[in-house]
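The following exercises are meant to be worked through with the sequence and the three-dimensional model in view. Each task is followed by a solution in steps.

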Amino acid sequence: MEFRNHTPFPGLAFKQYNARSELNGVLALRGTFDIRPGEALTASASQRPFLLKDEYAGEGQRAHLLRQADFVPFKPGTDVTVLARAYAPSGEPQPSWLAGIKVGDRQKLLRVHGPRHWQPDGDGWRMGEAAPASEVPLSYYLAYGGPVPKAAEDDRPQDCCRFNPLGPGLLDPKLSPKDRPLPAPRIEAADEPVTEWHEAYQPQGLAPIAPWWRFREQYTGTYDETWLATRHPFLPPDFDYRFYNCAHPDLVFTPWLHGDEEIRLANLFRAAPLLPFRLPGLRLVCVVHRKTGETEILAMPLDGVHLDLIHTPPHVTLTWRVGFAWREGVRTVEAHVLGPAGRKPAGDRQPVPAEVRRD
């Protein structure tokens with residue numbers, strides 16, 4: 001299969017078996033756009049490369065997913081993920097404040113806190129007061145979850161939050177020390193404060209979620225002796241493609257975003273406490289030329305919106321992806337980008353086929 005990329009965005013065409021053990025072709029593209037307050041998104045002069053593997057901070061089970069690989073066959077919805085810090089609105093240190101993102105008409109609002117601890121209180125703990133802070137990293141290291149804290153010399157098995165093994169907050173009265181304060185979550189849902197040590201809370205954040213966390217792991221399907229005897233090496237029949245969505249469940253948009261939505265950031269950008277911008281509204285298409293002589297033209301859904309507000313320059317990465325049946329084989333796959341309402345943006349290197357322009 002030859003891949004002809006007529007877009008300014010890096011991409012990859014590849015083959016993979018689907019959940020029905022059928023061979024599919026997949027085309028995926030990623031575009032990087034600079035974020036500048038008060039301006040429309042513009043395609044970055046230097047496009048970031050196609051990612052063939054996940055990128056993490058840290059190692060092993062304590063690793064925090066930063067960017068998901070683009071080498072993914074299908075996502076049933078659009079992921080919106082954000083790498084960011086929450087900044088105090090006044091610039092002055094505060095014990096807590098609100099921060100979040102709104103995409104179209106959906107909003108995810110978080111309350112962040114300065115350093116705070118569970119304070120020993122009889123047979124349990126109470127939430128202590130937060131110290132003032134001017135910024136809080138929006139990392140799952142600070143969200144509810146983590147391993148149960150215990151004394152260093154205690155060799156009993158240690159439980160862990162399956163939805164977030166990184167953060168603080170999960171306590172066990174039989175294991176956790178009561179002779180000192182213990183770290184408490186600093187990120188919570190605005191409408192669900194973390195107040196009781198014995199309650200279980202959903203971890204909150206905007207960053208990508210690793211595949212072995214329960215948010216995603218619950219969709220992997222059943223890998224048992226029956227699968228090994230009858231399906232291996234193919235996916236189990238109960239595999240769910242939601243596994244490939246890496247955003248917090250509150251920020252997975254099903255089926256997909258259109259790609260022209262307005263995004264509003266609240267207290268996530270130091271230079272602009274309220275930062276609005278609109279996605280570029282590009283339409284990407286895949287043209288499949290089969291060995292039989294048939295040609296298919298397929299729209300490529302936008303299945304990823306990844307905002308990086310930490311690294312310079314701040315930018316958003318968009319990913320588009322489409323799958324197609326392999327059948328008798330594919331000779332050539334082409335990628336074309338169109339502007340809103342079918343208008344071809346300036347800088348497109350190749351003419352768009354007439355049949356695509358009529359779409």
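**Exercise 1: A strand with two partners**

Strand E11 (residues 117-121) and strand E14 (residues 182-183) run antiparallel and are joined by 2 bridges. The model is a predicted one, in which local features need pLDDT of at least 70 and side-chain atom pairs count only at pLDDT 80 or more, while totals for chains, interfaces and linings use all residues. Residues are numbered from 1 along each chain as its sequence is written, and side-chain values use heavy atoms, with hydrogens and water left out.

Task: Identify the bridge partner of Trp118 in E14, and describe the pairing of E11 with strand E12.

Solution.
1. Strands are DSSP runs of E with at least two residues, helices are runs of H or I with at least four, and both are numbered from the N terminus. Two strands pair if DSSP finds at least two bridges between them.
2. Trp118 has Leu182 as its bridge partner in E14.
3. E11 also pairs with strand E12 (residues 124-127), in the antiparallel sense and over 4 bridges. Here Pro120 stands opposite Trp125.
4. The hairpin of E11 and E12 has 2 residues between the strands, and Gly122 takes a positive phi near 65° in this hairpin.

**Exercise 2: An open sheet**

Task: State the order of the 5 strands in the open sheet, and explain which strands stand at the edges.

Solution.
1. The order is E15-E10-E9-E17-E18, with antiparallel pairing.
2. Strand E15 (187-189) and strand E18 (274-278) are at the edges; each has a single partner strand, so one side of each lacks a neighbour in the sheet.
3. From one strand to the next, the twist averages 20° (axes are lines fitted to C-alpha atoms, for helices over the stretch in contact, and angles run from 0 to 180 degrees between N-to-C directions).
4. Strand E17 (residues 262-266) is joined to E18 by 5 bridges in the antiparallel sense. Within this pair, Glu262 has Arg278 of E18 as its bridge partner.

**Exercise 3: Two loop residues**

Task: Determine whether Lys75 is buried or exposed, and do likewise for Thr222.

Solution.
1. Buried means under 20% relative accessible area, exposed over 50%, and partly exposed in between (1.4 Å probe, protein chains only).
2. Lys75 lies in the loop between strand E6 (64-67) and strand E7 (78-83). Its relative accessibility is 5%, so Lys75 counts as buried.
3. Apart from neighbours within four places in sequence, Lys75 has contacts (heavy atoms within 4.5 Å) with Gln68, Tyr244, Asn245, Trp256, Asp303 and Arg321.
4. The side chains of Lys75 and Gln68 are joined by a polar contact of 2.6 Å. Such a contact is a pair of N or O atoms within 3.5 Å; within protein, one must be able to donate a hydrogen and the other to accept it, and residues adjacent in sequence count only if both atoms are side-chain atoms.
5. Thr222 belongs to the loop between helix H1 (214-217) and helix H2 (225-230). With a relative accessible area of 37%, Thr222 is partly exposed.
6. Not counting residues up to four places away in sequence, Thr222 touches Trp227, Pro236 and Asp238. Its side chain makes a polar contact of 2.6 Å with that of Asp238.

**Exercise 4: The whole chain**

Task: State how many helices and strands the chain has, and what share of its residues is buried.

Solution.
1. The chain has 3 helices and 23 strands.
2. Of its 359 residues, 51% count as buried.
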